[in-house]
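Hello,

Here is the structure I promised to pass on to you. Please open it first, and then read on for what turned up in it.

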Amino acid sequence: SPSSSSSLTTGTSSKDKYSDQYQSWSLDLEVTTPTMEDENKKNGDEMSARRSIAFSSKNALQLTLTKTSIGVFKNLMHAYTQELKAADEGVDAVAPETVASLYLLINKLGYPISLTPKKGLKVHGAYSDTLRPAGRTPLHPTEGYSRLRPGELVPKETHKRRVHIIEMKVSGFHPVDVALGTNDKVYYPLKPKKPLKDQPLYGLVVEIDRLSGNRTPEVTLRSPVQLVNHTSERMAVYWTKEDPSSSPAGRGLPSPASPASCVGKIEANGTFALSLDNAVAGFISLHPEQLKPSLSWQNREKEMTLSTTQESNSLPSFVCAVKEEERYSILPPFSLSKRAHHVFHLHYPVMVHNLLPHPLTLVGDWGAMEIKPGNNVPLTNYHNLEEAIKLNVKVVLDGVALTGDVFVDSTTPLDSAFNLSAAENEDHVMLKVRKEVKGTWHLSIYSSYWLINKTCLTLQYKLHDSKVITHKPDKKIVMFPHNKVSVQVLKDGKESDWSDAFSLETVGSAGVFTCQMTSKDSSASEQYQMGTSNILSRFGLTKIITISPFYMIFNKTKESVTIREAGVKSSELFTVQSKKLLPFWPVSSGESPQLRVALNNPSPEPTHLSYPFNYTENCSLLLRTLGEVPAIAVDVQVTSSATIIIFSPHYTGSVPIQVVNDTEWCLQLRQDIRSTGPPYEVLPMHSLMYSWDDPLGNKEIAWNFCQKKKPAVMYKASAKDGSGEFSVHKSVASEGSLLSLVSSVDQPTLGGEARGDKG
C-alpha cells in the first residue's frame, strides 16, 4: 500500500539582481496526510484541508504565492491523488505525463523481484517495492539526480553522479546490486542461499533499451536464454524437465512424470525470454507431442529442425532453430562457458524468392503456390535439409506455359542454371537459382539480364544457337540468358541488318549501336540509331539493359512542332504534338546534320521553315520562326546513350542580345554585313531584343545610323565563338557623339552615349 507521504523533487533557478547570474536551487515538495494529532493541535477549522504541502530549499529563496503558483500546487495535488487511487486499485502503471521517471523496469524473469534503491533512485510511493512477474515499475531520481533532458550535456564533475544503483532480490538467491546508466546489457550471477549438489548456475540479465527517443528507457530483467522468432507466425513454447530422447516408444513423448507444459507464446517476429528455471534446466520444444529434437543451451548441435503446432492453415509445420551465444558486459569479468547465455533463432527451413518480372508458380506435394514478382513464400514441409530439395517451377510467357525442375542440396554452388521449356514446342528460357544459407535456405530464382525496349519498334535478339527472341513494343521486359546480344529491327515485314554484338556485363556503361535497313533496289536506306544503358537491379542479381532511341524530341510548347532534316531530299516532315516525347530517326548520317523547324504548320513550305541548327552538339539557342509565334527556345542535351532535343516557349531571358538606341537617329542592324535581307530598325530612345537569324552563320552584327544628309555606311561587330562576347571592328564619331558597343557574355548591349567633343 502507498505511504501517507510522498516527495517530489523539482529544479528551477533564481536570478540575482545584483550579479546578473543565475543561481540553481532545488525545491522539495512533500505531500502529507494530516493525522489526528495534527487535528488536535489546531483550533477551529484551520486544519480543514485533506492534505497539506510542505516545501523547503537548502538555499535561501523568495517565493511569491500568486494565483498561477497556487494553480500549480493544485495540479500537483490532483496528480498525487490520482496516483493514490491507482495504487489502491492495484494498477502498476503510471501515465508518463504524471511523474517523470528515469527508468521503467520490466520483469521477464518469471519470479517476483524485491527492489531496494540505493543510489540516486527511488520507487514512487504509488508502487510496491516488489516487482511482480510481467509487471512494470518506474524508477524516479532522488535529490540531486534530476533527469537528463534530450540534448543536455553532463558536466565532468557530475558524471559519476549519473550512475544509479538499485538492489534486486530474487526469492531463494542472495541480493544483487545492479548499476544502471553504464552498459546496455549486463550479466549478473545469482548465488543460491542454499546451494545443492549439481545445481545449475543461475544468472540475471539486465538489458537497457535506450533507442526509445524521448521516452523513458526501458530496463528488462530476464533470464540468459531467449527465443527469437524470425517467421511471420505465432508459436507456442513447451517445456519438459526430462530429456525427450530418453522417452519411451522412440517417439519423443514425455514420460508421465514429466508432461510437456506450455510456458508461453512467441509473437510473429518477436522475442520470448524463458523464465529463470526453464532457461537453465529442462528442454524446450514447439509441439506438445513431438518433442524430439528439443532445444537446450547444453546441446552440442548449433542447428536443428523442430515441429510446430498448427493453429492455422498457414502456420509452419517445421522451423529451423540456430543456437547463438549471447554477448554481455560482465561485472566483474568471469567465464560463461558453464553458464546459460544463448539465443535460439527460429527460421523457416526454406524461403523461395521470385526475382522475375513475371508471376511464378511452385508445384509440389502441397499443391500449387503462386509467388508474385518481388515476393517470397516459406516452404515449411522440409525437415531434413541434408536431402535434396526438388521444386517444379512454372512461368507463363506470352500465353505459353514453361515448366522446369530445380534441384538444390548442400553441394549445390552459389548460382546454378536450369531451363524452363514448353511441352508443345522447343521454346525454352534459361534461368538461375541462388542458394544462400542464413539459418534459412534462401532460394532466389532470377534471370541474369533484363532487356527493356523503349524504341517503339519491334526488336529481335539473336542467341548463341542462332535462335531469335522477338521483343515487341508492348512487351515491357525480355529475360535474356547470355552476356552478349545482337539486335535487329523488324518493321513492316522488313528486317534490318544485325547490329554488332555488344556486352551486357558492365554495370554503369552506356553505348550506341545502329541497325541499317536497305530497300530491295538499294535506292533508299533507313538507319536506326539506338542507345543502351546498363544498371544493376536493387536486389543485386540482375543487370537491367534499357534500349532507347538515340535521338528523342520533347515538345514543351503549347503548339505543334514540325521538323525536317536540312539538305536531305529524302527527309520527310515529322510533327510532334504539344507536351509529347517521341523518338526521332534521322536519315542523314553526315558530319553536321541539321534540322529546320516550323510551328503550328504540319505541311510548311520550305520558305516557312526556320534557319537550320546543329542537333548533334550541346547547345541552347533561340530560334527565329515564321508565323504567329516569332521564336522558340531550343535545348540540345547530348549524353553517351541519348540526345534529347527540347523545344520550349521563348522567354525574355532566352534572348541573347539586347540593342539599346540612346541616340537621336534611327539604328539599322542585321546579322552579317554580307547579308542582303532587309535590316532591323531601332527607333531613337528604343531597344530591341535580338536573336541570331542564322544559328550556324557568322556571329556578326552589321549596323548604321540613318541620316538625311549622309549616305548609310554599315559597320560590324562580331561575337567570339558565338558566346555573345563582342569586339568592335570600327567605331565612328559623328557630331560630338561617340558610338560604342557595350557587351558582356550574359547580356550584350549595343548603345550610344553622348560624349560632347571627346570623340
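Is F480 buried or exposed? F480 is buried, since its relative accessible area is 0% and the cut-off for buried is under 20%. Before I say what sits beside it, please keep in mind that this is a predicted model.

**The chain as a whole**

The chain has 759 residues, and 42% of them count as buried. Its secondary structure consists of 60 strands and three helices. If you take the contacts between residues at least 6 apart in sequence, 52% of them join residues at least 24 apart. The accessible surface amounts to about 42000 Å², and carbon and sulfur atoms account for 50% of that.

**Aromatic rings**

Now back to F480. The structure holds 14 aromatic pairs, and one of them joins F480 with Y461. Their ring centres are 6.3 Å apart and the planes meet at 80°, which makes the pair edge-to-face. Y461 belongs to strand 33 (residues 458–462) and F480 to strand 35 (residues 477–480), so the pair links parts of the chain that are distant, 19 residues apart. Y461 is also buried, at 0% relative accessibility.

A second edge-to-face pair is made by Y551 and Y615, with 5.4 Å between the centres and 80° between the planes. Here the two partners are 64 residues apart: Y551 is in strand 42 (residues 551–555), while Y615 is in the loop between strand 47 (613–614) and strand 48 (619–624). Both rings belong to buried residues: Y551 has a relative accessible area of 8%, and Y615 is at 0% relative accessibility. Y551 and Y615 are also members of one aromatic cluster, together with F550, F574 and F584.

There is one more ring to look at, that of W441. The charged end of K435 sits over this ring, 5.2 Å from its centre.

**Nonpolar cores**

The largest nonpolar core has 48 residues, and the members that touch the most others are I166, M168, L180 and L295. Strand 12 (residues 202–209) gives this core its largest share, four residues. Apart from this core lies another one, of 32 residues, including V393, L397, L402 and L420.

L295 is a good place to zoom in. Not counting neighbours within four places in sequence, L295 is in contact with L227, G282, F283, I284, M304, L306, A321, F344 and L346.

**Cysteines**

How many disulfides does a search of the whole structure find? It finds zero. Three cysteines may still be worth a click. C320 counts as buried, at 4% relative accessibility, whereas C262 is partly exposed, at 46%. C456 counts as exposed, with 58% relative accessibility.

**Two unusual backbone angles**

C456 has another feature as well. Most residues other than glycine have a negative phi. C456 is not a glycine, yet its phi is positive, about 65°. You will find C456 in the loop between strand 32 (449–453) and strand 33.

K579 also has a positive phi of about 65° without being a glycine. Its place is the loop between strand 44 (574–576) and strand 45 (581–583). K579 counts as exposed, at 55% relative accessibility.

**A loop aspartate**

Where does D672 lie? D672 is in the loop between strand 52 (666–671) and strand 53 (680–682). Although D672 is in a loop, its relative accessible area is 14%, and it counts as buried because the cut-off is under 20%. Leaving out residues up to four places away in sequence, D672 touches N698, E700 and A702. D672 and W692 are 20 residues apart in sequence, and their C-alpha atoms are 9.9 Å apart in space.

If you would like a route through the model, you could begin with the pair of Y461 and F480, go on to the aromatic cluster that includes Y551 and Y615, and finish at D672 in its loop.

Happy looking, and best wishes

Key: Residues are numbered from 1 along each chain as its sequence is written. This is a predicted model: local features need pLDDT of at least 70, side-chain atom pairs count only at pLDDT 80 or more; totals for chains, interfaces and linings use all residues. Side-chain values use heavy atoms; hydrogens and water are left out. Helices (H or I, at least four residues) and strands (E, at least two) are DSSP runs, numbered from the N terminus. Buried means under 20% relative accessible area, exposed over 50%, partly exposed in between (1.4 Å probe, protein chains only). Contact means heavy atoms within 4.5 Å. Accessible areas come from the Shrake-Rupley method with a 1.4 Å probe; for residues, only the protein chains shown count as cover. A disulfide is a pair of cysteine sulfur atoms within 2.5 Å. A nonpolar core is a set of buried Ala, Val, Leu, Ile, Met, Phe, Trp, Tyr and Cys residues joined through side-chain atoms within 4.5 Å. Rings of Phe, Tyr and Trp (its six-membered ring) pair if their centres lie within 6.5 Å; planes under 30 degrees apart count as stacked, over 60 as edge-to-face and the rest as tilted. A charge sits over a ring if NZ of Lys or CZ of Arg is within 6 Å of the ring centre and within 35 degrees of the ring normal.
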